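Colleague: I should like to learn how to read a contact between two chains, and then an enclosed space. Could we work through an example together?

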Amino acid sequence: MTTGGPTGQAATLEAPERVPPGRRPRRAASTRVKQDRRTGYLLITPTFVIVFAMVVLPILWTISLAFQQVRLLNLRTTGVIGDYSLDNFTNVLTSPGFVDALVTTLIYSVGGTACAIGLGLAAALALRRPFRGRGLVRACMLVPYVAPVVAATFVWTTMLNPQFGIVNHYGTTLLGWDDPIAFLSSSKSIAPFGVDLHISQSLVTVVLFEAWRSFPFAFLFITARMQAIPDSLEEAATVDGATPTQRFRHIILPQLLPTIAVLTVLRFIWTFNNFDDIYLLTGGGAGTQVVAVRVFDYLINRGDIGAAAAQALVLAAILGVLVTIYLRLFGRREDVA
Amino acid sequence: MSTATSTTRPERPVAEAGPSGWHRDRVERRLFSVVRPLTIAFLLLICLFPFYYMLLLSFRPLDAVLQDPGALWPSGGEVDPGTYGDVLRSTDDGGQGFLTFLRNSFVVAIGTVVLTLLVSVPGAYAVSRLDFFGRRQIGALFLGVYFFPAILLAIPLFVFFTRIEQRGTLTGLLVVYVAQVAAVSIYMLRNYFDTIPASIEEAAEIDGCTRLQTMWHVSLPLAMPAIASNALFIFMIAWNEFLFALLFLVEKRDNWTVSLGLSQLAGSIEVPTTVLMAGSVILTVPIIVLFFLSERWLAGGLTAGAEKG
């Protein structure tokens, strides 16, 4: 069994197992509180140490790195106290492509979040009423979410491949596409109804992939909330003559809105910071370079650690601002509703 | 649980609401009775087909795939499990060395599970049950940490592990993973500890148990289902992780995890796609199996916990 806690404790715990519990007089209430406090510190210390050392300190260190000229080459000679300057930030903010990357990140996270939640809601509604095999269907819905990202991106890259991908094969033979579509490498911007949106086909593809991969998460959340809606509300509405869409609009949806608000924040944060999916699908090419991929590029390909850290910080700051604004707006609305 | 209410409702007082309302209601019901199964079918298709395709390609020879990319099942005599041998064999034997990658992935994932639980179970118990200074702040700190992008953490950790020359090691990766999942693990377990009635622990206290004894003999056994599902959750995260593996291990092929190995080889022209599909299947199967096993078992464990409570 691996659930013991630090081994020293486990050893002391085993000893008095079958000993009849003797009552020790010194365990007065205040002693108990003190003991609890001491035990509390003891139990939380390992977590605190590891999270502090591997999460909090690194964040502080990133801030320090962002203000220094650190490259992979001079890494060994830089200390915590160095020549601090704002150069990295000015370079990063004025460098070509940064604003584009930021806009791409925004489109990607807004589009991905909206599509994932929309699809999740549709799935939750479709699976709401019990039917034979619903449990299995429900489990299947979660597969894209639990599958390893590398395998998922690889199989989609293969399916969307212009030469032998199955999507293009059936697109050209059954759906009458003139040419195979290079879903993941085409910078051609899409123009629905003749309106040029300056969004590349590849960006649309990665947004749809994100929706495919994360809708199960929304589906889980929304389903859980739906089960808590009392049936009596809907029954009353049915008696009053409400049609299915009216019941959805006036009864189910208002109950789901707080859940959807929370989901939006969570999904937005994760999509905004997402690196894996885009890196693996397009490598950041064809108009899909989001900031996270750009940071990676600066860190590994250019070896410019300072600039990478500065960009990562800008990313975190923008995210913080956006989430704060959203919470302000929605915090209010929830109070009213 | 929601129950079947409106679909087979015999009485329909809606009819009195006027012919137009009745009409709309009927149209909508008809419409949804068609749309609902279509939606379910569509969702099932998009969820499962990619994985079926993965399996299919892993068994078809490459030239057959190139000749007939649209085949939805292998034609007679086409099934070729040789790709699995190719992908698993070590590089010395002309394979891709996925057996080594598998071992690395298992070592890292299981190590992460064990270490994280050792750290987070006591932590979660403390946060849930014990009153100590800074308890609330710690909870907020742990959650706040997750608002920072992984790439932001990756930079200093990359620098740090380069400096102490631990960058290519599985140990370094393991420590990072534990730090990454510890907070979420604590959060999940704390919620479960909160649901265990304090009266049970008080009974143990009256019998003379110390806090740690109570935790060990009373609360931990009760929390077993939650701990087990948490362990699965951590295993999945560690098994699927990609960014840190890429940053830390990319230069040491012997230490690659399956995810990293697959992503590194996917770009190369020398390795046939069908062989890498076999690699994808190998990467995906443990997770899918674990997930479907835990699906049922988890529900059972939770109900058992409720009975005990």
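Colleague: How many salt bridges does the rule find across the interface of chain B and chain A?

Modeller: This is a predicted model. A salt bridge requires a side-chain nitrogen of Lys or Arg within 4 Å of a carboxyl oxygen of Asp or Glu. Between chain B and chain A, the rule finds zero such pairs. Polar contacts are counted separately: six residue pairs, with both residues at pLDDT 80 or more, are in polar contact between the chains.

Colleague: Which helix supplies the largest share of the side of chain B that touches chain A?

Modeller: Helix 1 of chain B, residues 19-59, does so with 20 residues. By class, that side of chain B comprises 81 nonpolar, 21 polar and 13 charged residues.

Colleague: What area do chain B and chain A bury between them?

Modeller: The two chains bury about 10100 Å², and 75% of this lies on carbon and sulfur atoms. On the chain B side, B:Ile155, B:Arg163 and B:Trp216 lose the most area to chain A, together 7% of what that side buries. The contact draws 115 residues from chain B and 109 residues from chain A.

Colleague: Turning to enclosed spaces, how many cavities of 30 Å³ or more does the structure hold?

Modeller: There are two. The second largest has a volume of about 40 Å³. Its lining consists of B:Ser105, B:Val108, B:Tyr177, B:Ala238, B:Trp239, B:Glu241 and B:Thr257.

Colleague: Which helices of chain B each supply at least two residues of that lining?

Modeller: Helix 4 (98-129) and helix 9 (211-240) do. By class, the lining of this second largest cavity has four nonpolar, two polar and one charged residues.

Methods:
Residues numbered from 1 in each chain as written. Chains lettered and ligands numbered in written order. Predicted model: local features only at pLDDT ≥ 70, side-chain atom pairs only at ≥ 80, totals over all residues. Heavy atoms only, no water. 1 Å grid on protein atoms, 1.4 Å probe; cavity = no way out; pocket = protein on both sides within 12 Å on 5 of 7 lines; lining within 4 Å. Points joined across faces, edges and corners; volume = space filled by probe spheres on them. Helix = DSSP H or I, 4+ residues; strand = E, 2+ residues; numbered from the N terminus. Nonpolar A, V, L, I, M, F, W, Y, C, P; charged D, E, K, R; others polar. Contact = heavy atoms within 4.5 Å. Buried area = accessible area lost by both parts, 1.4 Å probe. Polar contact = N/O pair within 3.5 Å; in protein donor to acceptor, adjacent residues only side chain to side chain.
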